[in-house]
Amino acid sequence: MKKSIGISPNIETLFGTRDENVRVLEDGLNVTIDLRSNAIELEGAARDVARAEQVFADYESLQRSGYSFNNGDLNSMLRVLTADPSATLRGLADAGRQRSLGRRMVQPKSVNQRRYVEAIESHDMVFGVGPAGTGKTYLAVAMAISALLAKRVNRIILARPAVEAGERLGFLPGTLQDKIDPYLRPLYDALYDMLDPEKVDRYLEKNVIEIAPIAFMRGRTLNDSFVILDEAQNTTSEQMKMFVTRLGFNSKAVITGDITQIDLPNARRSGLLEAIEILKRVEGLTFVHFDEADVVRHHLVQRIIRAYDEHKTLVAEQQMLLLAGGKSGEGIAGKGGEHNGPPSIKDRSTASGE
């Protein structure tokens, strides 16, 4: 099917740098888009052409209403739209506008990120589980700030286990806050990226935003709060149970972690691993799982994560083969003689020629 649609003013901005957005639409919707002097020609299956036409119509409508597109966000929206048949450009833009943080707009860059953001909006407790760089912590902090600025909560509490990543830092000088700050730096980074530094400092000074190790959560009930537990894979079973039972009235909790980067001495005692198993059928909370396709850092990070996953699978297969080979070897050895125990005195005498 072929269809021509008229060219609206500034429609070329939809095409993106070097037509990168056009390629996203063509690959994702299985259509061919050709810009003529007086029209845009769409070619493909009827349903795919209709979706592409809707994208152009939504873009024109949003522009007329004064909506300003950032090209990076537009590209992300188009990627989500092509991956999710139920998504529309207008719907994604309106959702991002509702989560605006003033100078920044919370715009998911993948389908799983979109599910994560929507899960945070609709559930009181959400677990975001996946590799580094998938936006788990960043989006959670953004949603917390959005809730605070909209006065849906009165404060934000950010917690993290104080566990070193495979090294021992030893004694750290200064006050207790000075000692724990290095562990919590990623949370500060997310805050300063989204809010003016003066506002962040003011919120921290007044305890509107509180950042603390998870050990400080014991004995507290957190009402009217947005609570985030970051690096949850490094919590113990006891710490995780303590944290998930802190939730008070009119509060939300988001727990993020990467089960492939556990720094505890005994990885099997990770509170996150246990929570995934124990809480998976509890009504009112949900789990969102990310993979390397959701990584929004340098494109090399996706390939690095994939290489580690493939190596882990290969090692596991080799271990299974070794175990299988060892068991079959034992069976053969057992069948070779009349008994499997050590040779008797008589046997040894015979063997030595005595």
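This report walks through a predicted protein model, from its overall build to a cavity and a few single residues.

## The overall build

Let's start with the whole chain. The protein has 354 residues, and 42% of them are buried. Its secondary structure consists of 13 helices and nine strands.

How do distant parts of the sequence meet in the fold? Among contacts with a separation of 6 or more, 71% join residues that lie 24 or more positions apart. On the outside, the accessible surface comes to about 20,000 Å², and carbon and sulfur atoms account for 51% of that area.

## A cavity inside

Now for the empty space. Rolling a probe the size of a water molecule over the atoms shows where empty space is left. How many cavities of 30 Å³ or more does a search of the whole structure find? The search turns up one, and the volume of this largest cavity is about 40 Å³.

Have a look at its walls in the structure above. The lining is made up of Met125, Leu222, Val227, Phe243, Val244, Arg246, Leu247 and Ala253. Seven of the lining residues are nonpolar, one is charged and none is polar.

## Asp230, a buried residue

Next, find Asp230, which sits in the loop between strand E7 (225–229) and helix H10 (237–244). Is Asp230 buried or exposed? Asp230 has a relative accessible area of 3%, so it counts as buried, the cut-off for that label being under 20%.

Which side chain does the side chain of Asp230 meet in a polar contact? The partner is the side chain of Arg160, at 2.9 Å. Arg160 also appears in the wider set of contacts that Asp230 makes beyond its neighbours within four places in sequence, together with Thr137, Ala159, Pro161, Leu187 and Thr256.

## Two loop residues with positive phi

Two further residues are worth finding for their backbone angles. Asp224 belongs to the loop between strand E6 (209–213) and E7. Its phi is near 50°, a positive value in a residue other than glycine. Asp224 is partly exposed because its relative accessible area is 28%, which falls between the limits of 20% for buried and 50% for exposed.

Asn250 lies further along, in the loop between H10 and strand E8 (252–257). Here phi is near 55°, again a positive value in a residue that is not glycine.

How values were computed. Residues numbered from 1 in each chain as written. Predicted model: local features only at pLDDT ≥ 70, side-chain atom pairs only at ≥ 80, totals over all residues. Heavy atoms only, no water. Helix = DSSP H or I, 4+ residues; strand = E, 2+ residues; numbered from the N terminus. Buried < 20%, exposed > 50% of the residue type's maximum accessible area, 1.4 Å probe, protein only. Contact = heavy atoms within 4.5 Å. Areas by Shrake-Rupley, 256 points an atom, 1.4 Å probe, with all protein chains shown as cover. 1 Å grid on protein atoms, 1.4 Å probe; cavity = no way out; pocket = protein on both sides within 12 Å on 5 of 7 lines; lining within 4 Å. Points joined across faces, edges and corners; volume = space filled by probe spheres on them. Nonpolar A, V, L, I, M, F, W, Y, C, P; charged D, E, K, R; others polar. Polar contact = N/O pair within 3.5 Å; in protein donor to acceptor, adjacent residues only side chain to side chain.
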